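The following exercises concern strand pairing, ligand surroundings and backbone geometry. Please attempt each task before reading its solution.

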Amino acid sequence: MVSRIIELPKIEDQRGNLSFYESLSHIPFEIKRAYWIYDVPGGQTRGGHSFKVQHEFIIALSGSFDVKLNDGVSEVTYSLNRSYYGLYVPNMIWREMLNFSTNSLALIVSSTTYSETDYLRDFDEFQKLATNEK
Ligand code: TYD
């Protein structure tokens with residue numbers, strides 16, 4: 001699985017810290033869209049799908065949550081809890097976001113504009129496609 005944690009620059013300053021990322025430099029795709037997930041009630045899960053084409057980069061800007069990934073064969077869970085670490089998630093990876101802390105804020109940037117037809121929302125269908133690609 002080529003998903004991975006990417007450590008971002010962190011400019012420490014007495015006035016507070018600053019982190020950033022740029023398309024194709026810190027993350028391996030060009031950013032077409034940003035969205036964020038917030039006010040998640042305790043115990044709720046987001047995601048539960050895969051994308052045929054789009055790649056994403058996920059950061060816990062504040063608070064913490066887990067991202068569970070499955071490439072059709074194996075599963076791995078990442079805990080995001082720092083605003084200078086992000087998770088790169090390529091296309092054709094099933095993902096779920098869970099264990100959101102109170103007031104957590106997830107920032108996600110994507111390689112494509114929003115397209116419902118890019119979603120695979122049925123795990124069996126995803127798994128068939130993912131394992132055929134290998
Ligand atoms: P969805 O991607 O299913 O949410 P999550 O993966 O976090 O559980 O999106 C939820 C709804 O929001 C769905 O109706 C589509 C809509 N949506 C947009 O209109 N634009 C977007 O950029 C995103 C990510 C979702």
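**Exercise 1. Strands and sheet**

In this predicted model, strand S7 (residues 65–70) and strand S8 (residues 75–80) run antiparallel and are joined by six bridges. Identify the bridge partner of Phe 65 in S8, and then state the order of the strands in the open sheet.

*Solution.*
1. Phe 65 has Leu 80 as its bridge partner in S8.
2. Four residues lie between the strands in the hairpin of S7 and S8, and Gly 72 there takes a positive phi near 100°.
3. The open sheet comprises five strands, ordered S8-S7-S10-S5-S12, with antiparallel pairing.
4. S8 and strand S12 (119–120) are the edge strands, since each pairs on one side only.
5. Within the sheet, three bridges pair S5 with strand S10 (residues 94–98) in the antiparallel sense. Glu 96 in S10 is the bridge partner of Gly 47.

**Exercise 2. The ligand shell**

Determine which residues surround the ligand and which elements give two or more residues to its shell.

*Solution.*
1. The surrounding residues are Arg 33, Tyr 35, Ile 37, Arg 46, Gly 47, His 49, Tyr 114, Tyr 119 and Arg 121.
2. By class, the shell contains four nonpolar, two polar and three charged residues.
3. Consider next the distances to oxygen atoms of the ligand. A polar side-chain atom of Arg 46 lies 3.1 Å from an oxygen atom of the ligand. For Arg 121, a polar side-chain atom is likewise 3.1 Å from a ligand oxygen atom. Gly 47 contributes a backbone N or O atom, 2.8 Å from an oxygen atom of the ligand.
4. On its own, the ligand has 530 Å² of accessible area, of which the protein covers 64%.
5. Strand S4 (33–37) and strand S5 (46–51) are the elements that give two or more residues to the shell.

**Exercise 3. Positive phi outside glycine**

Establish where Leu 24 and Asn 103 are placed, and decide whether Leu 24 and Asn 103 are buried or exposed.

*Solution.*
1. Most residues other than glycine have a negative phi.
2. Leu 24 has a positive phi near 65°. This residue is found in the loop between strand S3 (18–19) and S4.
3. The cut-off for an exposed residue is over 50% relative accessible area. Leu 24 therefore counts as exposed, because its relative accessibility is 60%.
4. Asn 103 also has a positive phi near 65°, and its place is in the loop between S10 and strand S11 (105–110).
5. With a relative accessible area of 65%, Asn 103 is exposed.

Conventions. Residues numbered from 1 in each chain as written. Predicted model: local features only at pLDDT ≥ 70, side-chain atom pairs only at ≥ 80, totals over all residues. Heavy atoms only, no water. Near = heavy atom within 4 Å. Polar contact = N/O pair within 3.5 Å; in protein donor to acceptor, adjacent residues only side chain to side chain. Areas by Shrake-Rupley, 256 points an atom, 1.4 Å probe, with all protein chains shown as cover. Nonpolar A, V, L, I, M, F, W, Y, C, P; charged D, E, K, R; others polar. Pairing = 2+ DSSP bridges. Buried < 20%, exposed > 50% of the residue type's maximum accessible area, 1.4 Å probe, protein only.
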